[in-house]
Amino acid sequence: MLTKTPRNGKNGKRSLRISELPKISTATDTREILAHAAKEARRDNYFIVDVDAHVTETAFWPDVIDRMDSDVYKQMARAFKERGPAPGLLNTTPGLLFQDVFGRIPHQQRLGETVPGGRTHRQVTLVQRAMDSLGIDYMVVFPTPMLVLGMHPQAEVEVVIGNAFNKWLTEDVLPQEPRMKAMLYLPFNHPEACVKAVEAYADNPSVIGFSVTSTRFRAVHHDSYMPLYSAIQATGKPLAFHSGFHWGDQSMQQCNRFISMHSISFVYYNIIHLTNWIINGLPERFPKLRVIWIESGLAWLPFLMQRLDSEYMMRSSEAPLLKRRPSEYIRDMYFSSQPLERSNLELTEATFKAIKAETQLLFASDWPHWDFDLPNSITTLPFLDEEAKRNILGFNAARLFNLEIPEHKTLKAKPKKAPAVREPVTA
Amino acid sequence: MEEIVVGRLADIPDGDYRIFAVDELEVGIFRTGSKVLAYENVCPHAGGPVCQGKIFNKVEEVITPDKKSAGLRFGKARHIVCPWHGYEYDLLTGCHPGDPSLRLMPVKVAVRDGQIYVSVPE
Ligand code: FES
């Protein structure tokens with residue numbers, strides 16, 4: 001926080017307030033890290049739904065383990081403690097967690113700030129600080145190391161951990177903050193366990209959808225998943241595919257730098273799943289099931305739309321359930337915005353048109369991860385009008401998830417006008 | 001412009017830096033030997049608090065005469081790294097190493113009688 005260093009009003013000159021700002025470290029308060037964003041939020045006052053942010057479940061791993069159904073797995077998970085602080089039973093590879101660019105991005109390393117003790121869960125306080133700083137009205141939270149749990153060699157461990165995480169999130173965390181929501185973790189390597197999870201949480205008001213972590217080798221069109229999709233469709237809540245990276249994937253092992261692997265891997269899994277989803281006619285089989293593709297950015301979409309369209313026109317016999325071109329099905333899907341590619345705004349604009357961003361795009365921050373986006377990733381786009389910005393920032397998500405919009409942020413209330421503080425964001 | 005004293009040079013060890021807010025203007029003051037540089041604490045990427053980040057020496061890759069990689073090393077150039085997303089800027093030029101058009105906004109700074117003066121808009 002600020003250290004006051006007053007040297008004001010010398011020699012009859014005007015009085016200026018001088019204070020010192022801290023260097024940012026893993027101990028810095030989220031509100032200090034995001035102080036510049038908070039200034040923008042106070043000025044803009046948009047209604048914002050952040051459809052993809054993250055909790056750090058491993059910081060609370062003993063609490064997650066306590067929620068495991070099986071005493072045997074509980075014992076297994078706790079046994080890891082004796083070797084050090086490793087999160088028992090998880091399959092993350094700590095030596096390959098290079099997201100923080102080797103200490104350059106402290107908030108990715110750890111949010112080690114102090115929070116007041118008391119009844120508010122530490123994770124809730126951290127999320128509230130970020131929401132208030134970024135001006136976010138609802139934040140949908142996903143896990144972090146569990147994004148690669150789909151690669152765990154034991155399907156039953158994915159079920160045990162996934163169910164324990166869901167309990168921890170819906171019992172310990174979400175009830176303390178109605179602005180926090182979740183798209184529940186589905187242990188997708190075990191289709192029947194997924195159906196049970198959907199049935200168990202279908203009516204939970206904090207659970208606004210269901211999610212599959214995309215990082216896995218599973219064919220989403222396999223017949224074993226049809227009961228799951230039917231069950232989700234019946235809830236009226238959407239299904240999200242949240243992508244991730246995996247350097248252990250043999251194709252990715254050709255990449256020698258994290259930047260190369262991460263750039264491709266986060267898109268790769270969603271390219272495969274979305275292709276299978278469409279070519280096997282799942283939009284025709286489940287016409288009311290709304291599907292969201294999360295954290296792959298957007299630049300892959302014009303590529304895939306064109307590629308699938310051109311091959312489909314030559315090989316429609318291989319996709320007999322389709323009644324339209326693949327790109328038309330893609331245009332009915334929803335996409336989260338982060339990490340929004342904007343180094344060439346002409347391409348970004350064309351992408352927005354291709355995917356009907358005005359109704360289908362959902363703002364996401366990905367906070368507290370290293371490549372997070374701010375609301376200004378949308379508000380500074382020069383080709384969007386005010387209505388499109390407001391849809392993407394919040395109203396599209398409010399419609400999709402049936403979220404209540406505070407009265408002062410409805411369409412009638414215009415955001416406060418203020419001069420632009422800098423040129424549009426360029427990368 | 002009006003000159004405002006923000007602190008004493010002796011309070012910034014050589015190679016170190018401090019960040020001050022003078023009303024709405026936030027400025028990072030960097031000391032390199034006898035040189036003092038100042039930049040606005042606003043990252044040209046997305047407005048992050050760039051001067052509140054860490055300093056790293058530029059990473060270089062050594063290439064042998066037959067074009068093979070001989071590995072990575074730290075070079076002499078020093079970079080301030082924005083803590084929001086890791087954009088790096090050369091401390092002397094204020095420029096991003098891969099796109100010099102992306103640069104920090106310099107602030108006029110002077111040292112007189114051991115005091116650091118920053119110029120702020122009237
Ligand atoms: S705002 Fe500085 S790197 Fe993004």
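Q: What makes the meeting of the side chains of B:Arg18 and A:Glu20 a salt bridge?
A: A salt bridge is a side-chain nitrogen of Lys or Arg within 4 Å of a carboxyl oxygen of Asp or Glu; the side chains of B:Arg18 and A:Glu20 meet at 2.5 Å, N to O, so the pair fits the definition. Between chain A and chain B the count is five salt bridges. This is a predicted model, in which local features need pLDDT of at least 70, side-chain atom pairs count only at pLDDT 80 or more, and totals for chains, interfaces and linings use all residues. Residues are numbered from 1 along each chain as its sequence is written, chains are lettered from A in the order in which they are written, and side-chain values use heavy atoms, leaving out hydrogens and water.

Q: How do you know which residues take part in the contact of chain A and chain B?
A: Contact means heavy atoms within 4.5 Å, and by this rule 36 residues come from chain A and 41 residues from chain B.

Q: What is meant by the area that chain A and chain B bury between them?
A: Buried area is the accessible area (1.4 Å probe) that two parts lose on being put together, summed over both; here that is about 3,300 Å², with 49% of it on carbon and sulfur atoms. A:Lys23, A:His36 and A:Arg104 supply 22% of the area that chain A buries against chain B, more than any other three residues.
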